[in-house]
Amino acid sequence: DGIGASLLTQQHPFYIEINNAMEAEADARGVPLEVSIATQDLSKQLADVEDFIVKGVDVLVISPVDSQGALPAIMKAKAAGIEVITVDVPAEGVDVTSYIGTDNYAGGVRAAELMGEQLGGEGKVAIIDYPTVQSVVARIDGFKKGLEEFPGIEIVAQQTGITRAEALAAAQNMLQANPDISGIFGFGDDAALAAAVAVKSAGLSEQVQVIGFDGMEEARNAVDSDPVMVGVIQQFPDQMGKMAVDTAIAIMNGEEVPAEQPIVPGVYTGK
Amino acid sequence: MTDTTSTQPQGHSYVRAMIRQYAGIVLSLVALCVIFSLTNDRFLSLANFTNIFQQVAVIAIAAFGMTWVILLGEIDLSIGSIIAVAGMVGAQVIGLGWGFVPALVLTLASGAIMGLFNGTMTAKLMLPSFIVTVATMSIYRGFVSLPTGGAPAMNMDPTWIAIGANSFLGLPIIIWIVLALFLVNHVALAHTTFGRKAYLTGGNREAALYSGINVDGMKIKIFMISGVMAAVSGILLSSRLYSAQTNAGMSYELDAIAAAVLGGTSLAGGVGTMVGTLIGALIIGVLNNGMNMLSVPYFYQLIVKGLVILVAVWLDVRSKQRQG
Amino acid sequence: MTDTTSTQPQGHSYVRAMIRQYAGIVLSLVALCVIFSLTNDRFLSLANFTNIFQQVAVIAIAAFGMTWVILLGEIDLSIGSIIAVAGMVGAQVIGLGWGFVPALVLTLASGAIMGLFNGTMTAKLMLPSFIVTVATMSIYRGFVSLPTGGAPAMNMDPTWIAIGANSFLGLPIIIWIVLALFLVNHVALAHTTFGRKAYLTGGNREAALYSGINVDGMKIKIFMISGVMAAVSGILLSSRLYSAQTNAGMSYELDAIAAAVLGGTSLAGGVGTMVGTLIGALIIGVLNNGMNMLSVPYFYQLIVKGLVILVAVWLDVRSKQRQG
Amino acid sequence: MEHGDVVLHLTGVRKTFGPIVALRHMDLTVRAGRVHTILGENGAGKSTLMKILAGVQLPTEGDITLGGKDFRPRTPQDAAAAGLAIVFQELSLCNNLTVAENILATREPTRMGFISDRKLVAQARALVADLGLPLDVNARVADLSIAQRQLVEIAKGLSHDARVVIFDEPTSSLSDSEAEILFRIIDKLTAQGKAVIYISHRMEEIMRLSDDITVVRDGEYVDTVEKDETTIDALIAMMVGRRMDEIYPPRIAPEAEPRDVPMLRVEGLSRKGAFEDVSFDLAAGEILGVFGLVGSGRSEVMNALFGILPADTGRIEIDGSEVRISSAAQAITQGIGFVTENRKEQGLVLSHGLRPNVTMAALGRFSGRGFLRSGPERAAAATEVQRLGIRTGSIETVTGTLSGGNQQKVVLAKWLATKPRILILDEPTRGVDVGAKFEIYRIIRQLAAEGTAILMVSSELPEVLGMADRVMIMSEGRVAATAPRDTLTPERVMTFATGHVQ
Ligand SMILES: Nc1ncnc2c1ncn2[C@@H]1O[C@H](COP(=O)(O)OP(=O)(O)OP(=O)(O)O)[C@@H](O)[C@H]1O
Ligand SMILES: Nc1ncnc2c1ncn2[C@@H]1O[C@H](COP(=O)(O)OP(=O)(O)OP(=O)(O)O)[C@@H](O)[C@H]1O
Ligand SMILES: [Mg+2]
Ligand SMILES: [Mg+2]
C-alpha cells in the first residue's frame with residue numbers, strides 16, 4: 001500500500017527536486033512513499049513498476065522514460081488495479097488518472113520569443129538538442145515554431161549535447177564553424193550553462209546570448225550573475241512533486257481528480 | 001548422461017561434480033534469496049519469481065550468446081546496440097504491414113548479419129574483437145536512429161506483443177523462450193562437435209588449427225550466434241515495451257559479460273558452461289529485483305551490485321582453487 | 001635518445017623507425033585533417049586546434065593511464081567513474097572551504113585509492129581485471145552521488161576554474177598539462193626500468209616473475225597510475241564545467257581504450273607506446289570536432305566514428321604486418 | 001605396400017617467410033617400414049618441413065608425392081586424409097580439456113549428431129592402452145607434467161590410421177623410461193609397414209632407431225645415409241660442417257681455492273606433496289648433476305630454492321649463513337640464476353626482441369636512478385649473443401621467430417647477464433642441437449672454472465654423467481642417493497632413480 005513512484009532519472013536537479021518535494025509532502029501527510037529510479041532505461045522502468053505491483057502499491061506516480069514506451073508498464077499497473085499519475089512526461093496511447101507536467105512546447109515558444117526580443121529580431125542562432133527525449137523534442141519544436149515570428153533570425157546549427165561535457169564540445173565546435181552566431185538555445189540547464197562557458201572561452205561574450213530551459217538554481221544564479229546567460233525558461237518541479245503526492249492521496253481517498261494539471265513554465269531573466 | 005565440459009571431473013558422481021563446480025555461485029544466489037526473503041515477505045512468491053525471470057530474460061539470452069564468444073577468447077561489446085537494432089527492424093517491418101513472421105525472420109537475420117560483420121572483421125582482418133565491437137557498438141547504435149531520427153517506434157503487432165505478455169501452460173512465454181534457448185545452447189555447447197570445437201579453439205587457438213579446425217570459420221559462426229541471441233533479446237525487449245527504443249539495450253553487454261563471468265566463464269577462453277551463465281544471470285536479476293523490493297536508493301544499488309559481483313566472482317575463483 | 005620499446009627495430013635511423021611504426025595512424029590522422037579542412041575552411045586554424053586539444057585533453061590523459069594498464073594485459077573500465085568521483089571530491093573539499101591545494105591533493109589521492117582497490121583485487125585475489133573494474137565502475141559511480149544525492153556540485157574556486165579557462169605563454173593551461181603528462185608518461189614508459197618491467201610483465205607474466213619482477217606490485221602500481229590519471233582528467237573536466245557532474249565521464253573508458261588501441265597498444269599486453277596513444281586520442285578528437293563543424297547529425301556521427309576506428313586500426317595492423 | 005617401397009618423395013622444397021628463408025632446397029625419400037631420421041642444427045628447417053607435410057604451412061616451391069601421387073595438403077585434414085600423422089614439436093594441446101578430449105579432438109564419436117562421452121573415453125582408453133602409455137584419459141591436461149603432455153601429444157598424433165608417421169623431437173622432454181615406450185611404439189609401426197619420419201637431437205637414440213638418416217644444413221639437403229654405414233662422429237661432421245672430437249668438454253681445474261664452507265647448503269628441505277627432506281651441499285666451481293625420472297620433484301626443489309614455491313620447512317645456507325628466499329627477486333639478490341625448463345612459459349617474452357629478453361633479469365645493472373642506459377644494455381646483449389653463438393639477424397630480432405635451440409641459448413644468456421654465483425640449470429639442453437649443446441657445455445665448464453656453483457637438472461643420463469662432478473639422484477620427491485660421478489654407472493643411477501634401492 002501507499003505510493004510507488006518511478007522517476008526517470010536521479011542525475012538531474014530537476015528530478016531531484018521532484019523527488020525531494022514528493023518525499024517532503026508524503027512525510028508531511030504521513031503516507032508511505034517508495035521511489036525507484038529508471039536511469040533513463042525503459043526496461044528498468046518496466047521492471048521497477050512490476051516490482052511495485054508485486055509489492056502492492058495503491059497509486060503509481062510515473063515520469064515515463066518515453067511517452068509511448070511506458071505504455072506496457074502503465075497498462076500492467078492498471079490491470080493490477082493501480083491508479084496511475086504521470087508526472088513531467090505524458091504517456092501516449094493509454095489513459096491515466098491524471099497528468100501533471102510542464103507544457104514543454106509552450107515553453108519552447110516562449111524561449112523563442114525571448115530570443116527574438118534579445119536579438120532584436122536579427123541574427124544567427126544555434127541549438128543544442130537531445131533528440132531521443134520527447135519532452136526535449138517538444139521544446140525544440142516549440143522554439144523553432146516560435147522563431148517563425150522572427151524572419152530575420154536564422155538557425156545555422158543544431159547539435160546534440162546530452163551531458164554537460166558533450167554540450168560544451170558541441171557549442172565550442174558550432175561557434176568555431178559559425179563565428180557569427182549571436183544566440184544559443186540549450187534544451188536544458190546543462191546545455192545552456194555549457195554553452196555559456198564555450199562562449200566565454202571563445203571570447204564572444206559581447207556577441208552571443210544564451211537561453212536555457214529548466215531554470216534550476218544553478219542556472220538562475222547564472223542568469224543573475226552572467227551577462228551571457230540572458231534568460232531561462234523556468235519549470236517548477238517542487239510544485240509538480242507536491243501536486244503528484246496530493247493527487248495520489250486524493251485518489252486513495254476516493255476523490256475525483258482532474259485528468260490534466262498543466263503547470264505553465266515561467267520565464268526567468270534575472271532578479 | 002555424463003557431462004562433457006572441461007572443467008568437470010568425469011566420473012560416477014555427476015551431481016557431486018555439478019555441486020562442486022557451481023558451489024561458489026549457487027551459494028551467492030542462495031544467500032541473496034535468503035537475505036531478500038527475510039527482509040521482504042513478498043519476495044518469496046511465485047508472482048515475484050515470474051517477475052525476476054521475465055526481467056532477467058533479456059540479459060540471460062544475450063549472455064548465452066556472450067558465453068560462446070567469451071569461450072572463444074573473444075568479446076562482443078556490440079550486443080547492446082544489436083538489441084536496439086533488432087527491435088527497430090521488427091517495428092519497421094511490422095510498420096510496413098508485412099506481418100509477424102517476416103518481421104521475426106528479418107529481425108533474426110539482422111542480428112545474424114551484424115554478428116557476421118563482427119566475426120568477419122575479427123577473423124579475416126585479424127583485428128582484436130574488443131576494438132571491432134567497440135566500433136560496431138557505435139555504428140549499430142547509429143543505425144537504430146536512422147528510420148525514426150531518434151524517436152522510438154511503436155510496435156503493437158498483437159503476436160509480437162503476445163510474446164512478452166502472454167502465458168503458456170501457466171508460465172509466461174518469455175520464460176519458455178529462455179528455457180528453450182538455454183537448452184539449445186547447453187546441448188550445442190556440451191554435447192555436439194561444434195561445441196567441442198569452440199572449447200578447443202578457445203583453449204588453444206594454434207592447437208585447434210593443427211587439429212584441422214577452421215578457426216576463422218568458428219569465430220564468424222560464433223559472432224553470428226551472439227548476434228542472433230542479441231536479436232532474440234531485442235525482440236523480447238521490444239515486445240515487453242510495445243515499442244523499439246533507440247537507446248534500448250545500452251550497456252547490457254556489461255551485464256551479459258558479468259553474468260557469464262559470474263557463471264565461471266573465463267575471459268581467457270576455453271572454460272565456461274551455459275548452466276553457469278544462467279545462474280549468473282539469475283544472480284543479477286535477483287539482486288536488482290530484491291533491492292527494488294527493499295526500496296534501496298539507486299546509488300546504493302549501484303554500490304551493492306558492484307560489491308556482490310566482486311564477492312561472487314571471488315567465491316567462485318576461490319572454490320575452484322580449493323579443489324586444485 | 002634511442003627508443004627502448006620492444007616493437008621498434010633499433011638502428012641508425014630512428015626517424016625511419018618512428019615513421020614506420022606510426023605510419024598507419026598518422027596516415028589516418030592526416031587524412032581526417034585533409035578531409036575536414038577541404039570541407040570547412042575554419043577547421044584549419046590555430047583557434048580550432050586549441051579547441052581540439054582542449055576537448056581531447058580529458059580522453060588523452062585518461063588514455064595515458066589506460067595505456068599502462070593495457071600494456072600489462074589488463075583493462076580498467078572504471079576510469080569513467082573515477083573521473084566523476086574525482087570531480088566530486090574536488091568540489092566537496094572546495095565546498096568545505098579548505099582551499100585549492102588540499103582539494104587538488106585529496107582529489108589525486110582519491111584516484112590513487114580507487115586505483116589501489118582495483119589493483120589489489122586484480123593482483124591479490126587473482127580476479128580478472130575486466131570483471132573487477134566492471135564492478136568498481138558501478139561502485140564508484142554509486143559513490144559520486146552520495147554527497148549530493150545525484151545533483152551536480154558547483155565548484156567555482158577561482159584557481160580550480162583557471163586550470164580549464166586560463167592560458168600560459170599563449171597556450172591554454174590544459175594543453176600544457178596534457179603535454180607535460182605525455183612527456184612524463186612517455187619517459188617513464190620508454191626510458192625507465194619501471195617502464196621496462198611493465199613491458200616485460202605484460203609480455204609474459206610468468207617469465208617476468210621468474211626474472212625477479214614483483215608482478216603483483218607492478219599491477220597495483222599501474223592501476224594506481226590509471227586512477228591518478230583519471231583523477232587528473234576529472235579535475236580538468238570539472239574545471240571546464242565549473243562543477244562536478246554525477247554522470248561525468250560515462251563511457252569515457254571506451255574512448256580511452258580506443259585511443260590506446262588506435263595508437264598500436266595491443267590488448268594482449270606487452271606492446272604499446274605513449275606516442276601512439278597521443279595520436280590515437282587526437283584522431284578521436286579531430287573526428288568529433290570535424291563532424292560537429294560540419295553539422296553531421298548525431299546518429300551519423302556515431303556511424304562515422306565507428307567506421308573510422310575500424311579503418312584506422314586495420315591500417316595500423318596492416319602496416320605492421322607488411323613490415324613483417 | 002611392401003617394406004622398402006618409396007612412400008613419400010620430396011624434391012626441391014623451399015619455404016620462405018617474407019625475407020627469411022626457412023628451407024632453401026630440400027629433397028627426401030621416405031620408404032615404407034623404415035625409420036627415416038632427419039638431422040640438423042637448430043633452425044635448419046626440420047620443423048618447417050614437417051609442418052608443410054602436415055598441411056599447416058604451404059611450401060613456396062617444390063614437388064611432393066605421396067604413394068606416387070601428387071601431394072599438396074592445404075589443411076591438416078588433407079594431410080590426415082592422405083594418411084599422414086604428426087606428433088608436433090611444440091605442444092599443441094588444450095589445457096582446459098581432458099586427455100581423452102584432446103586425443104580425439106575433432107574426431108569425437110557421435111550418436112545422432114551428439115558426442116557420446118562414454119565411447120569417447122572408451123576409445124581413448126583403448127588407444128592409450130594399445131600404445132602402452134601410462135596416462136589417465138580423464139585427467140585434465142592442465143594437471144599433467146610436461147612429459148605426460150608429450151605422451152598425450154603422441155597418443156593424439158597416433159589416434160588415426162596413417163601410412164607415414166612423423167615425430168618432431170618427441171623425446172625432448174621424456175626421460176629414458178618413457179622414451180623406451182615410444183621406441184617400442186615405433187618398432188610396432190615399422191613392423192606394420194608404416195614409414196616413420198623421426199627428428200631428434202639425441203645422437204644415441206638416433207643411432208639406435210634409424211634405418212635412414214638425412215642431414216640438413218641451413219635449410220638445404222646435404223646427404224642421406226644408411227645408419228649401418230655411418231657413425232655419430234661422421235653425422236655430426238656432416239651436420240655442423242666440421243669435426244667434433246668430444247661432446248663433453250673436459251673439466252677445467254677450478255681457479256678458486258676450495259673453501260670449507262660450501263657455496264650452497266640445503267638441509268631438510270620439504271614441501272608438502274612435492275618433495276621431502278632434500279639435503280645437499282654445493283661448492284664453488286662444482287657441478288652437481290640432479291637426475292631423476294620425470295615427476296621425481298627435481299623442478300620443484302629448484303623452484304623452492306628460487307623462491308617461486310618456497311619450501312615449508314628446512315634451511316638454505318649460502319656462504320655459510322642462512323638465507324630466507326621467498327621471491328625470485330630475493331634469489332637473484334643472493335646471486336642465484338635459474339634457467340627454467342620451460343623456456344616458452346617461464347623463460348622468454350616471445351613477442352619482444354632479444355635485447356630486452358637478455359637483460360630482463362639484470363635490469364639493475366643497466367640503469368641509473370631508475371633510468372635505463374641503452375648503451376650498456378645493447379653492449380651486454382651483443383656480448384651474450386656473440387658469446388653463446390645465438391643465430392640471429394640482430395639483437396632486436398623478435399625472440400619468438402628464433403629456432404628452439406637458439407631460444408634456449410637466449411634463456412641462458414639472460415641468466416649469464418646476471419653474473420650469478422649459483423646457477424641452476426633445469427634441462428638446459430632440451431631441444432638443443434649437438435653443436436649448440438657443445439657450446440652450452442663449454443660455457444657451463446667455463447662458469448664452473450670461474451667459481452660459479454652449478455646445479456644441473458637433466459633427464460639425459462649421458463649428459464649428467466658427462467658433465468657433473470657429483471650426481472644427486474631423486475626418486476618420488478626424495479633424495480635416493482648422492483655420489484661422485486666416478487662411482488656411478490648408468491645402471492646404478494637408474495636403479496636409484498626407479499627406487500629399487502632403499
Ligand atoms: N613463422 C615463422 N616466421 C618466421 N620465421 C620462421 C617461422 N617459422 C620458422 N622460421 C624460421 O625458419 C627457420 C627454420 O625453423 P625450424 O623451426 O624449421 O627449425 P628446426 O630445424 O625445427 O629447429 P629446431 O631443431 O630448433 O627445432 C628458423 O630460422 C626459424 O627462425
Ligand atoms: N602423476 C602425475 N599427475 C599429475 N601431475 C603430476 C604427476 N606427476 C608429476 N606431476 C606434476 O608434474 C610436475 C613434475 O614435477 P617436477 O617437474 O618437479 O619433476 P621433475 O623431476 O623435474 O620432472 P620433469 O622432467 O617433468 O621436470 C609437478 O609439478 C607435478 O605436479
Ligand atoms: Mg623444430
Ligand atoms: Mg623438471
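**Exercise 1.** How much area is buried between chain A and chain C, and what percentage of it do carbon and sulfur atoms give?

*Solution.* Keep in mind that this is a predicted model.

- Step 1: Let's start with who touches whom. On one side there are 25 residues of chain A, and they are in contact with 33 residues of chain C.
- Step 2: Now the area. About 2,400 Å² is buried between chain A and chain C, and carbon and sulfur atoms give 51% of it.
- Step 3: Look for the big contributors on chain A. A:Gln11, A:Asn173 and A:Gln176 supply 26% of what chain A buries against chain C, and no other three residues supply more.

**Exercise 2.** Find the residues that surround ligand 1, and work out which parts of chain D they come from.

*Solution.*

- Step 1: Count the shell. Ligand 1 has 19 residues around it, with D:Asn42, D:Lys46, D:Ser47, D:Thr48 and D:Thr401 the closest.
- Step 2: Check the backbone. Oxygen atoms of ligand 1 sit 2.8 Å from a polar backbone atom of D:Gly43, 3.2 Å from a backbone N or O atom of D:Ala44, and 2.9 Å from a polar backbone atom of D:Gly45.
- Step 3: See how covered the ligand is. On its own, ligand 1 exposes 640 Å², and the protein buries 80% of that.
- Step 4: Name the elements. In chain D, β2 (20-31), α1 (46-53) and α14 (404-416) each give two or more residues to the shell, and α1(D) has the largest share, with 3 residues.
- Step 5: Zoom out to domains. Domain 1 (6-244) and domain 3 (343-419) of chain D each provide at least three residues of this shell.
- Step 6: Sort by character. You get 5 nonpolar, 11 polar and 3 charged residues around ligand 1.

**Exercise 3.** Which side chains offer polar atoms to oxygen atoms of ligand 2, and how much of the ligand does the protein cover?

*Solution.*

- Step 1: Count again. There are 14 residues around ligand 2, and the closest are D:Gly295, D:Arg298, D:Ser299, D:Glu300 and D:Glu341.
- Step 2: Go through the side chains. A polar side-chain atom of D:Arg298 is 2.6 Å from a ligand 2 oxygen, one of D:Ser299 is at 2.7 Å, and one of D:Glu341 is at 2.6 Å.
- Step 3: Get the cover. Alone, ligand 2 has 610 Å² of accessible area, and the protein covers 68% of it.
- Step 4: Place the shell. Helix α9 (residues 298-305) of chain D gives the most, 3 residues.
- Step 5: Sort the residues. The shell around ligand 2 splits into 2 nonpolar, 7 polar and 5 charged.

Conventions: Residues numbered from 1 in each chain as written. Chains lettered and ligands numbered in written order. Predicted model: local features only at pLDDT ≥ 70, side-chain atom pairs only at ≥ 80, totals over all residues. Heavy atoms only, no water. Near = heavy atom within 4 Å. Polar contact = N/O pair within 3.5 Å; in protein donor to acceptor, adjacent residues only side chain to side chain. Areas by Shrake-Rupley, 256 points an atom, 1.4 Å probe, with all protein chains shown as cover. Helix = DSSP H or I, 4+ residues; strand = E, 2+ residues; numbered from the N terminus. Nonpolar A, V, L, I, M, F, W, Y, C, P; charged D, E, K, R; others polar. Domains from an automatic or database assignment. Contact = heavy atoms within 4.5 Å. Buried area = accessible area lost by both parts, 1.4 Å probe.
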